[in-house]
Every structure is written in C-alpha cells, then in structure tokens.
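Student: Could you take me through one part of this assembly in some detail? I'd like a close look at a single contact between chains, with the cut-offs spelled out.

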Protein chains: 4
Amino acid sequence: MIIVMSHGATREQIDAVIARVREVGLSAETIIGEERSIIGVIGGSAYEYREAFSHLEGIQEITPISKPFKRASREFRREDTIVEVGTALIGGDNPPVMMAGPCSVENLEMLLETAHFVKSLGAKILRGGAFKPRTSPYSFQGLGEAALQMLAEAREQTGLAVVSEVVTPADVELVARYVDVLQIGTRNSQNFALLSEAGRSGKAVLLKRGMSATIEEWLLAAEYVLSQGNRNVILCERGIRTFEPATRFTLDLNAVPLVRELSHLPVIVDPSQGTGRWSLVRPMALAGVAAGAHGLIVEVHPRPGQAMSDGGQSLGFPEFERLSRELGRLTEALAPQPAAG
Amino acid sequence: MIIVMSHGATREQIDAVIARVREVGLSAETIIGEERSIIGVIGGSAYEYREAFSHLEGIQEITPISKPFKRASREFRREDTIVEVGTALIGGDNPPVMMAGPCSVENLEMLLETAHFVKSLGAKILRGGAFKPRTSPYSFQGLGEAALQMLAEAREQTGLAVVSEVVTPADVELVARYVDVLQIGTRNSQNFALLSEAGRSGKAVLLKRGMSATIEEWLLAAEYVLSQGNRNVILCERGIRTFEPATRFTLDLNAVPLVRELSHLPVIVDPSQGTGRWSLVRPMALAGVAAGAHGLIVEVHPRPGQAMSDGGQSLGFPEFERLSRELGRLTEALAPQPAAG
Amino acid sequence: MIIVMSHGATREQIDAVIARVREVGLSAETIIGEERSIIGVIGGSAYEYREAFSHLEGIQEITPISKPFKRASREFRREDTIVEVGTALIGGDNPPVMMAGPCSVENLEMLLETAHFVKSLGAKILRGGAFKPRTSPYSFQGLGEAALQMLAEAREQTGLAVVSEVVTPADVELVARYVDVLQIGTRNSQNFALLSEAGRSGKAVLLKRGMSATIEEWLLAAEYVLSQGNRNVILCERGIRTFEPATRFTLDLNAVPLVRELSHLPVIVDPSQGTGRWSLVRPMALAGVAAGAHGLIVEVHPRPGQAMSDGGQSLGFPEFERLSRELGRLTEALAPQPAAG
Amino acid sequence: MIIVMSHGATREQIDAVIARVREVGLSAETIIGEERSIIGVIGGSAYEYREAFSHLEGIQEITPISKPFKRASREFRREDTIVEVGTALIGGDNPPVMMAGPCSVENLEMLLETAHFVKSLGAKILRGGAFKPRTSPYSFQGLGEAALQMLAEAREQTGLAVVSEVVTPADVELVARYVDVLQIGTRNSQNFALLSEAGRSGKAVLLKRGMSATIEEWLLAAEYVLSQGNRNVILCERGIRTFEPATRFTLDLNAVPLVRELSHLPVIVDPSQGTGRWSLVRPMALAGVAAGAHGLIVEVHPRPGQAMSDGGQSLGFPEFERLSRELGRLTEALAPQPAAG
C-alpha cells in the first residue's frame with residue numbers, strides 16, 4: 001500500500017504516519033518528492049490496514065497496490081482453470097460451451113422439447129429456472145423442487161448436464177442434489193452466506209456478475225467460493241447497470257478479455273439477461289465469443305410469446321438455430337491456427 | 001398497460017395483439033393515431049402479462065402504467081406511516097431521529113462509551129454491526145452473537161433502542177432476539193428470502209437501498225417485507241453506484257423527497273456509507289434532513305483511526321457533537337411554523 | 001403521446017387535460033381504466049408539447065410514443081445508408097472498413113510509416129488527430145494545420161482517405177479542406193453549433209457517441225447533421241461512462257445491433273478509446289465486428305511507448321497485424337452464406 | 001507519479017523502467033516490496049508522462065499522485081475566492097446567493113414580471129435562456145439576441161444582475177455585451193474552445209458540471225477558464241447521469257462539500273435542471289444550501305404550464321415564495337454562531 005501525503009504535510013505528520021505503520025507491525029519506506037512525499041508500506045494486506053490510517057493528519061490518499069483477490073488471480077495460478085461439467089470442458093482453449101434452455105422450467109413437456117432441440121444443435125448444458133428471484137413479490141417465483149425433478153428427468157433423457165439457480169443457503173443442499181452446476185444470480189452476487197455455502201457443496205458454481213459489481217468485486221465474490229476449497233467456478237458476465245434505458249442492462253463484453261488477463265477462471269456470457277431484448281441476443285452472443293468467452297448461456301423457449309417469465313429476451317427455435325450455425329463458423333474462424341497457416 | 005404499435009403495423013397485427021389480450025383474460029381499447037396506434041389493456045398487472053406480448057409482431061413498446069408496488073404506495077395508504085422504536089417515532093412530521101454508533105461492535109467498552117456519548121446528544125437508537133457483509137472473505141466479518149449481547153447490554157444501560165444488520169435468513173431469529181430493528185444491508189436488498197424472513201419476524205426493518213436499485217426496485221424490496229404483514233419498514237438511502245470515483249458511493253438525496261411522494265413509509269439517510277469520507281458526513285447529514293429525511297444513521301467511533309472497519313467514514317466525538325448542534329438548529333428552522341409566524 | 005392520469009384523478013381533472021390538449025391544437029381520445037385513465041394525444045410532436053401539460057393536476061406521467069429522431073430513423077428510410085469515402089463503402093452488407101492510424105499526428109515520418117503499414121493490411125482510411133480536445137489545458141493539444149497538411153501528404157502517397165477531428169465551428173472550413181471525413185468527438189457530441197456547421201460542410205461526418213449519451217440522444221445529434229441536408233453520417237460507438245474503473249470507458253457493443261434496428265445509418269466501433277487499454281483492443285475489435293459493426297477505427301502507432309497522447313491504448317504494428325489477420329477470418333466466417341451453403 | 005511493477009516483474013524490467021524515467025528527464029526512487037516493487041517518479045506532471053511508460057513490460061499500474069488541476073486547487077490558493085456580481089458576493093462565508101428566472105426568455109412582459117417578483121424575495125441575479133442548446137434540432141432554440149436585449153432591460157428596471165448561457169465561441173462577445181455572468185452549460189462543459197473564449201472575455205463564468213464529468217474533470221474545465229487569467233469562476237452542480245430513471249438527472253450534492261475541500265472556487269446548485277421535477281426543487285434547494293452551497297440557480301415561471309421549455313421543472317410564484325421563506329430560516333440557522341451562542 002502507498003500512502004500519499006498531501007502537499008503541505010509537515011515532517012511531523014510524515015513521522016506520525018510512519019510511527020503508526022510500525023505500530024501495526026508493518027515496515028515503511030519514504031520517498032520525499034518535490035511536491036509531496038509518499039510512504040510505501042511493505043507487508044500486510046492494504047485492505048485490512050488501510051482504515052487504520054485514514055484519520056491521521058496530512059494524508060491525501062491511500063492506494064492499495066496488490067489486488068485484493070488471491071485465489072482467483074493469475075498470480076496465484078498461471079494456467080487457465082478448466083471446469084469439467086458432464087461432457088463439457090469450460091475454459092482455456094476449449095471451444096465455447098453452449099448452455100441453453102428456458103428462463104423458467106414451466107412443465108416437463110416444454111422442458112424436454114427444448115432440451116432435445118438445443119442438444120441437437122450442440123448445446124452441452126441445459127439451463128432452467130426452478131427458484132426465480134423476482135423483483136416483485138407478486139411475480140411468478142418458479143416451481144421449486146418440482147422443476148428440479150424435471151431438470152433431472154431431462155438430463156436422464158438427453159445426457160445434457162444441468163444448471164439452475166439457488167437463491168438462499170438453506171436450499172443449496174436441495175438444489176445440489178439435482179443439478180451439475182449451481183448458479184448464483186446477479187442479485188445474490190454479494191450474498192456471502194450463499195456464496196460460502198455453494199462453495200462448500202463441492203458442485204461447480206456459475207457466478208453471475210452483480211449488476212453493479214466492479215470486476216474486482218466480482219472476483220472477490222468468486223474468492224468466497226474458492227476459499228471453501230472449491231475450484232470449479234465459472235464466471236458469467238450478464239450486464240451491468242448504466243444510464244442507457246434502451247437495453248435492460250448493458251452487457252459489458254470488455255469484462256471478458258479483462259477477466260482473462262486478471263484471472264485463470266473461465267468466463268462465459270449471458271446475452272439474454274444482459275440485453276433483455278431477444279433481437280440483440282444473437283449478435284451479442286457472437287460478439288461475446290469473439291471477445292474470448294469460454295461459453296454462452298442463452299434463454300431458449302419453444303414459444304417465447306407464452307413464456308411465464310422473460311419471454312421478451314428468449315430466443316425461439318429458429319433464432320437459436322441461426323445462432324448455432326453462425327457460432328459454429330465463428331468458432332472455427334477464431335480457433336488457434338496451425339503454424340503453417 | 002399500454003401497447004404501442006410500430007409505425008408500419010398492419011391491421012392484422014393490431015387485431016392479433018387484441019386477440020392475445022383477450023386470450024389472457026383482459027380487455028383492450030384501441031386508439032388509432034396518425035403515425036401509430038396504441039392499445040390500452042385494462043385489468044391485470046402489466047408486470048405479469050407484459051411478456052406474453054413481447055414476441056407478437058408489429059409492437060414497438062409495452063409501457064406499464066401502474067406502479068408495480070402496492071402496499072408501499074401512497075395510493076394504498078395516504079397517511080404517513082410512523083414506525084415506533086423504543087422512544088423514537090420515525091416518520092410523518094416527527095423531528096428527525098438520530099441513530100448512531102460504531103460501524104462494527106468491537107468490544108463492550110467502546111460500545112458503551114459511544115452509546116452514552118451519542119445518547120447525551122439526543123440519539124435515540126444505537127447502531128452497531130455484529131454480522132458484517134464484507135466484499136472480501138479476508139476482511140473482519142464481525143463478532144456475531146457476542147456483539148449482539150453487547151448491544152443488548154448497552155440498551156440496558158442507556159435506554160437506547162438498538163439496530164443491527166442481519167445477513168442471512170437463518171440468523172433472523174437470533175438477531176431479532178437481541179435488537180429492536182433488523183437492518184437489511186445494500187448487498188442484500190434483493191435477497192428476497194431474507195426480506196421475507198425479516199418480514200415474518202414482526203420486528204421493525206431498516207431497509208437500505210441497493211447500491212444499484214432504482215427507487216421502484218427499492219420499494220418493491222419493501223413490498224417483500226410488507227407482504228408478510230409487517231408494516232414497520234424504514235427505508236434508508238445510502239448511496240448508489242455512479243461513475244464518480246471521488247466518493248465511495250453517490251448519496252442520492254433526490255430519493256428522499258421522491259420517496260415521500262411515492263410512499264407513506266419513513267425514509268432516513270446514511271451519510272457515512274453514502275459518501276465513505278468522514279469529512280462529508282456532517283454536511284450531507286444536514287442536507288439529508290433539509291431534503292426531508294425522517295432520520296439519520298451515522299457511524300461514530302471514539303477513536304476512528306483505530307476502528308476495525310470503515311474508520312475512514314466514522315465521525316469522532318467532536319465532529320458528532322458539532323453535527324448534533326447544527327442539526328438541532330436546522331430542525332428548529334425547518335419545523336412547521338405556527339400560522340401567525 | 002400518452003397522458004397517464006393518477007389513480008385518484010377526478011373527472012374534472014381529466015376534462016381539464018383534454019381541454020388543454022385541444023387548446024394547443026391536438027386531439028385526444030380517452031380510455032377509462034379500472035385503476036387509472038389514459039388520454040391518447042394525437043398529432044403534433046410529444047417533445048414539443050409535453051411540457052405544456054406537466055403542471056396540470058391529476059397527471060401521473062406523460063409518455064412519448066414516437067421517437068424524437070426522424071431523418072435518422074428506419075421509418076424515414078428503410079434501406080441502409082451506405083457512405084462512400086475514398087475507395088471505402090461503409091454500411092449495409094459491405095465488409096467492415098478499417099480506419100487506423102495514430103492518436104495524434106506527431107510528425108510526417110511516423111504518419112507515413114503508419115499509413116503505409118495499415119494500408120498494406122487492408123485499411124482504407126487513415127486516422128490522425130490534428131486538433132485534440134484534452135481534458136487538461138496543460139496536455140498536448142495537437143499540431144493543428146501542420147498535422148492536416150501531413151495527413152494530406154499521406155493521402156497523396158498512399159491513396160488512403162483521411163479522417164480527423166474538428167473541435168469548434170470556426171475550424172470546420174479549415175479541416176474540411178484537408179480531410180475526407182470530419183470527426184466529431186465524444187466531448188462535442190452535443191455541441192450543436194459544431195454539428196450543424198459540420199452538416200453544412202457537405203463532408204462525411206464520423207459522429208462519436210457522447211460518453212453519457214443515450215442511443216436516442218446520439219441519434220438526435222446525428223439529426224443535427226442530417227437536418228442540414230448532409231446524409232453522410234457514420235455513427236461511432238466509443239464507450240460510455242459507467243461505475244467500472246478497470247477500463248477507461250465501457251465500450252457498449254449492445255449499441256451496434258440496436259442502432260442497426262433503429263436507424264439506417266452505418267455504425268462503427270472504436271475499441272481504442274472505448275477501453276483505454278491496448279490489450280483489450282484486439283478482442284473488442286473482433287467482438288464489435290461480430291456484433292455487426294460496419295467498420296472499426298483503431299489507434300496504431302509505430303512505437304506506442306513514445307506516443308505523445310494515448311499511447312496506452314494504441315496498438316503496435318505486430319498487434320495490428322494480428323488483429324487484421326483474425327479480422328479477415330472473422331469477416332469471411334460471418335459473410336452472408338450462399339443459399340446452398 | 002508512482003509506477004507499480006507487477007508481481008513477477010524481473011530486475012531487468014525494473015531497470016528498464018528506471019532508464020526510461022531518466023530518459024524523459026525525471027528522477028526515480030525504488031521501493032522493493034515483498035510482493036511487488038514500486039518506483040516513485042519525481043518531477044514533471046504525471047499526466048504528461050504517464051503514457052510514455054504504458055507499453056513497458058512488467059508494469060501493473062501507473063498512479064498519479066498530484067491532482068491534474070492547479071489554479072483551481074486549494075493548494076494553489078488557500079482562501080475562498082469570492083466572485084462579485086452586481087450586488088452579490090458569491091463564495092466564502094457570504095450567505096447563499098439566489099439566481100432565479102425563466103428557463104427561456106419568452107417575451108419582455110413575462111421576464112419583467114418574473115424579475116420583479118424574484119427580486120422582491122431577495123434574488124440578486126436574474127437567469128434567462130437566450131441561446132438554448134436543445135437535444136433535438138426540432139425543439140425551440142431560444143430567441144437569441146432579442147432575449148439578451150430583454151435581459152438588459154430587466155436589469156435596467158430591477159437592478160438585478162443577469163446570467164445567460166453562451167453555446168459557441170463566436171457568440172461570446174455578443175452575449176458578454178449584455179450579461180454579467182456567462183453560463184457554460186452541461187453539454188459544453190468540455191467544449192474547450194468555448195471555455196477558453198469565455199475565459200478571455202473577462203466576464204464571470206458560471207460553469208455547470210458536465211452530466212458525466214467527474215469532479216476532477218469539472219475542475220479541469222474550470223482550469224481552462226482560469227488559465228486565461230480569469231479568476232471569476234462559479235462552479236454549478238446540476239445533476240449527473242446515473243441509472244435512476246425517476247429523476248431526469250441525479251443531483252449530486254456530495255459534490256458541494258467535496259469541491260469546497262478541493263478548490264477555493266464558489267460552488268452553487270441547480271435543483272431545477274438537476275432533478276427535472278418541480279416538486280423536488282424546493283427540498284433539494286434547501287438540501288443544497290445545507291450541504292454548503294454558495295448559492296442556487298432556480299427556474300421560476302409565472303405560469304409554468306405554459307412555458308416554452310422545461311416547464312415541468314419550473315417553480316410557480318407561490319412555490320418560489322415558499323422556498324425563499326424556508327431558505328431564509330435555514331440560512332439563519334446555519335450561519336456561523338457568535339462565540340457566546
């Protein structure tokens with residue numbers, strides 16, 4: 001951590017800061033500049049100690065120099081983490097993995113219809129909401145365990161792995177009994193009790209970015225899972241809050257290459273939640289993969305106009321087919337080329 | 001709900017929309033405009049049915065006209081709700097209520113020292129964190145039940161009521177045993193299981209605004225508590241995420257008069273969390289009350305430089321004393337004036 | 001425009017609104033709903049008249065139903081506009097056009113070196129700043145007309161067309177004398193005097209999105225150019241302001257497919273300005289094209305570490321070569337497929 | 001400026017950075033930490049040289065430690081600047097100055113009616129738009145010079161000073177001929193040619209914050225005026241762009257005490273533009289003054305429902321009277337107290 005002293009800081013103020021640094025057990029080195037002095041604090045985590053200095057006089061700013069996340073960082077682990085789910089390998093140089101299915105599981109029939117369809121087009125994982133966190137208490141909240149049983153049945157019939165959201169720690173054990181991947185939604189991305197419990201389950205965790213989470217905070221959320229000894233974390237960009245009203249959220253694809261720099265964890269993209277408009281899903285899905293995403297999670301519904309939730313952002317079957325076709329060509333074009341190419 | 005048809009919508013498309021409106025059991029009236037037609041849908045909640053139409057052809061936009069919150073709205077209840085906590089009356093024309101205390105309860109001594117001090121300056125409620133939701137798993141997470149016991153002891157000695165945060169549904173019963181007001185923090189403002197459980201506890205609930213929650217979403221979060229039959233909800237503006245890096249959050253005081261228009265619930269302000277800088281706490285606390293807040297919640301620490309969390313935004317005793325003094329004058333100046341005045 | 005009356009609006013209030021609608025020369029139709037009534041106002045522009053109603057009693061909300069932009073809209077012109085610049089065709093189904101060059105023109109030698117290099121890799125337009133709008137008055141502000149002369153020389157030698165920014169109306173004539181495309185930067189995206197002047201010049205205009213402009217406002221900015229009779233507008237997404245500090249701006253690729261829905265104008269992407277980090281430029285450039293962009297504008301510098309401005313976001317030659325290669329494959333993969341394919 | 005080396009940076013990389021620092025004429029000191037090393041760069045402006053290092057290997061981050069604004073900073077001038085306009089003293093401990101008047105000057109009669117009214121309630125400066133920067137080219141753009149003449153006439157009759165917006169450098173001389181204060185609007189807050197020209201006019205400049213300007217960028221905009229030798233700059237907070245749709249902008253009152261810390265310049269608040277809803281203007285005006293604003297600028301119209309622009313945010317006469325009355329009591333309550341008080 002670096003402590004920047006203000007322009008007029010006195011020698012006494014500088015000494016008082018150094019004394020405090022030593023008091024908390026760290027060591028300090030000082031650079032006396034023309035306009036202001038800086039004190040480099042060595043050892044200890046800036047985030048723990050930072051506040052210990054904030055009331056001392058003559059300080060202009062305290063700047064951490066280490067990232068606060070550890071296990072999620074590239075420095076902790078240089079090689080890409082590859083998460084194995086069913087037949088899918090997510091991460092590294094593996095081709096992007098498609099996860100698809102309805103926003104909510106509405107009944108077995110529509111689920112199976114969708115599952116067979118997306119599988120036929122190369123999807124490896126079936127998504128489907130059983131517990132839905134809804135902004136209004138008066139909206140449809142999902143079928144709960146009945147939906148989980150349908151997902152398990154769909155897995156049985158199609159061989160697809162299954163991902164579904166868990167919204168509260170008490171449900172982790174239940175959901176984990178049925179699914180291959182526990183999804184943590186954007187509204188729970190700083191629900192630390194839930195993150196820890198999901199971590200303890202040992203299941204792979206699909207961690208959506210909080211709609212107002214910085215990339216640093218998102219990686220810290222992953223850290224809650226990782227610190228339970230669970231290495232199977234898949235990050236998922238799903239749109240952030242901005243001033244733009246034309247889309248429900250602003251899908252932030254910049255996060256994809258940036259996360260790949262900062263972390264070894266796989267990162268996928270959710271263009272359905274991220275845009276909230278089905279007509280944007282296909283172009284933004286392609287863009288996500290071009291940006292380097294390790295996979296996609298897409299809402300697909302046999303009859304979107306009759307969906308019980310979020311039909312406006314679901315692809316119908318013809319649109320999903322078009323997406324799959326274009327995605328295939330894109331993936332091939334961007335695959336690492338042979339040396340002679 | 002209003003369905004706006006696009007410019008080139010055909011008569012067939014308009015008829016198809018009307019047919020679908022009737023199919024879901026609602027009724028429709030149409031206005032044929034010069035450039036585009038609109039269909040007014042009568043009955044039913046726009047939020048439930050909106051998606052049923054989003055894939056029909058020729059639709060430009062679907063606009064809800066009712067607010068999605070009910071019990072929280074002024075239309076549901078015209079008179080201000082007044083929440084009674086200990087000796088405090090929060091809401092309506094009552095003078096603003098001061099809640100103050102340390103960010104985290106660190107030990108009994110500092111808690112009592114703070115409690116006696118803030119009480120002597122007119123505070124009615126003692127705040128103190130027992131369970132701390134921290135962005136990093138490696139930060140201090142609070143003393144848990146031990147802290148709750150200290151809060152109870154401080155209440156015993158001072159007569160102050162007590163507010164403390166609860167972070168997960170499983171803890172609601174425990175925290176409710178010790179405190180007068182359950183606080184739901186910004187990171188849990190859409191933790192619907194927690195909101196419902198807090199609602200069921202019957203305790204007053206202090207509901208912080210989510211850092212990326214619109215005012216509508218915040219009132220919908222309140223709706224989760226209210227819909228459990230619990231009317232004692234206190235809203236708390238605590239800063240939102242914006243592009244401005246100079247403050248930790250942007251305390252959005254516009255929310256205060258706006259919430260007072262839209263809702264009957266009391267609304268208070270947290271200038272400590274909202275700015276993250278102690279030097280801004282006093283002016284923004286005064287501004288909050290001038291904007292119409294029913295109370296304040298302020299972090300106070302006997303020795304902020306030694307706080308175990310958020311010392312940088314805590315007031316020391318002299319600053320809190322100055323705030324109390326100025327607040328007294330401000331409150332008097334803004335009090336409803338006698339007719340002859 | 002639709003006027004939504006509030007829940008408790010009286011018959012008198014409704015009649016007063018209708019009377020006012022007629023007073024300003026428009027006609028009204030009313031739908032009496034269960035909870036609230038709505039008044040459809042027919043004729044006239046909502047944006048002109050909206051304010052005439054805002055102080056009437058009993059009104060909850062006034063919602064425009066027509067978009068405020070006209071000439072920029074798909075409704076005004078169904079076919080894609082194709083802007084011709086030098087040998088480049090920008091828009092429609094034409095392959096994406098590459099514009100590349102240094103942030104600032106620093107001297108003739110580096111400009112020519114860059115121009116020959118990017119031309120050899122397929123770029124059609126040379127970019128280079130002559131007048132630089134800088135946040136600080138103490139930063140390098142560009143070489144002015146001398147830089148424009150160098151750009152003209154580079155065009156002469158390479159056959160590339162040239163784009164450069166103009167920052168104030170008084171300079172439009174000067175800049176237009178040297179360049180093929182006038183660039184309006186993000187900080188001037190609501191400098192309406194400049195937009196109009198650029199429109200009058202008859203030159204093609206590259207209109208960057210304001211960093212806090214909604215898509216609607218951006219199209220309205222285009223409208224200032226179009227309304228001068230100048231149809232050659234190229235829109236350019238270049239990143240918006242959000243809470244995320246890890247990138248300089250948040251490049252909003254959602255804007256690309258959305259603008260293509262709403263408008264007939266071509267839209268390109270600036271991944272250099274949009275991310276502010278050279279390591280993100282290549283993936284976000286590819287993503288932009290996958291999202292449907294009609295072109296890219298990329299900062300390239302022979303020796304980015306010595307650039308006089310924005311070196312941190314400039315690609316060096318080897319990175320630009322890699323981008324060009326990958327872009328070629330991507331473009332081919334996404335090209336419209338022959339029917340038998 | 002501080003250069004933070006990345007975790008795995010080699011000795012060679014550190015040496016290369018130091019060599020480059022010296023090459024550009026600065027000096028360097030190094031602190032070798034446990035996890036990473038930092039290099040303090042002494043002399044020169046970080047903002048000028050920062051980019052010179054961004055492409056060197058092994059660098060994690062470059063952090064400026066000096067603020068980029070100079071003449072606007074408290075370090076440059078410790079005492080509050082007080083701007084004198086007509087009979088008003090704006091800044092320091094002077095009581096808040098009220099500027100009021102219509103959004104647009106519509107005709108002489110309504111202007112005089114408003115001017116006499118606001119003057120009778122203590123306003124010192126009359127506002128009124130002559131040149132209106134409008135988002136749409138089809139909206140009313142103001143009466144231009146005719147409006148300026150009416151403002152001059154109103155000054156003549158009432159003794160009020162006059163403030164009006166200038167939107168392009170070519171108009172500065174014209175507007176300056178008629179008004180006491182040149183207003184630079186939010187959309188021109190980074191129109192550097194305009195800022196410089198306004199600076200050269202010698203008139204006082206009311207500088208609105210850009211709707212997406214950080215506080216640092218706002219002070220840098222002021223720097224453009226100050227660097228022309230013009231010290232009479234009044235900053236004006238007028239709302240920023242956030243995700244909240246319920247208000248037109250989010251008036252950011254945190255900026256008031258923060259600007260007072262960072263700068264010696266006076267800062268006022270515009271609650272009309274900042275909220276866009278007349279019902280929020282009074283509470284937010286009071287809040288602004290409680291936060292420490294040196295003045296207010298408020299839109300007042302004799303018949304807001306008939307205003308030609310922004311009627312929805314204008315106060316009618318009775319609301320302005322109530323505001324004035326409450327403001328008087330508030331100002332008195334917050335005035336510095338006599339020692340014996």
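Tutor: Sure, let's take the contact between chain C and chain A, which draws 39 residues from chain C and 39 residues from chain A, contact meaning heavy atoms within 4.5 Å. Before going on, keep in mind that this is a predicted model, where local features need pLDDT of at least 70 and side-chain atom pairs count only at pLDDT 80 or more, while totals for chains, interfaces and linings use all residues. Residues are numbered from 1 along each chain as its sequence is written, chains are lettered from A in the order in which they are written, and side-chain values use heavy atoms, with hydrogens and water left out.

The size of an interface is often given as the accessible area lost when the parts come together. Here chain C and chain A bury about 3,000 Å² between them, with 68% of it on carbon and sulfur atoms; buried area is the accessible area (1.4 Å probe) that two parts lose on being put together, summed over both. Phe243(C), Asn254(C) and Arg329(C) supply 21% of what chain C buries against chain A, more than any other three residues.

On to the polar side of things. Chain C and chain A share 4 salt bridges, each a side-chain nitrogen of Lys or Arg within 4 Å of a carboxyl oxygen of Asp or Glu. One of them joins Glu244(A) to Arg209(C), at 2.8 Å from N to O. There are also 12 residue pairs in polar contact, both residues at pLDDT 80 or more. That rule asks for a pair of N or O atoms within 3.5 Å; within protein, one must be able to donate a hydrogen and the other to accept it, and residues adjacent in sequence count only if both atoms are side-chain atoms.

Which elements carry the chain C side? Those giving two or more residues are helix H8 (255–262), helix H10 (278–290) and helix H11 (317–334) of chain C, and H10(C) gives the most, with 7 residues. Helices (H or I, at least four residues) and strands (E, at least two) are DSSP runs, numbered from the N terminus. By class, that side has 22 nonpolar, 9 polar and 8 charged residues; Ala, Val, Leu, Ile, Met, Phe, Trp, Tyr, Cys and Pro count as nonpolar, Asp, Glu, Lys and Arg as charged, and the others, Gly among them, as polar.

For a spot elsewhere in chain C, try Val97(C), whose C-alpha atom is 31 Å from that of Phe243(C), 146 residues away along the chain. Val97(C) sits in strand E7 (residues 97–101), and it counts as buried because its relative accessibility is 6%, where buried means under 20% relative accessible area, exposed over 50% and partly exposed in between (1.4 Å probe, protein chains only). Leaving out residues up to four places away in sequence, Val97(C) touches several others, including Ile90(C), Lys124(C) and His294(C).

Chain A also meets chain B, with 44 residues from chain A and 44 residues from chain B. That pair buries about 3,700 Å², 49% of it from carbon and sulfur atoms, and has 2 salt bridges. Glu217(B) makes one with Arg241(A), the closest N and O atoms being 2.7 Å apart.
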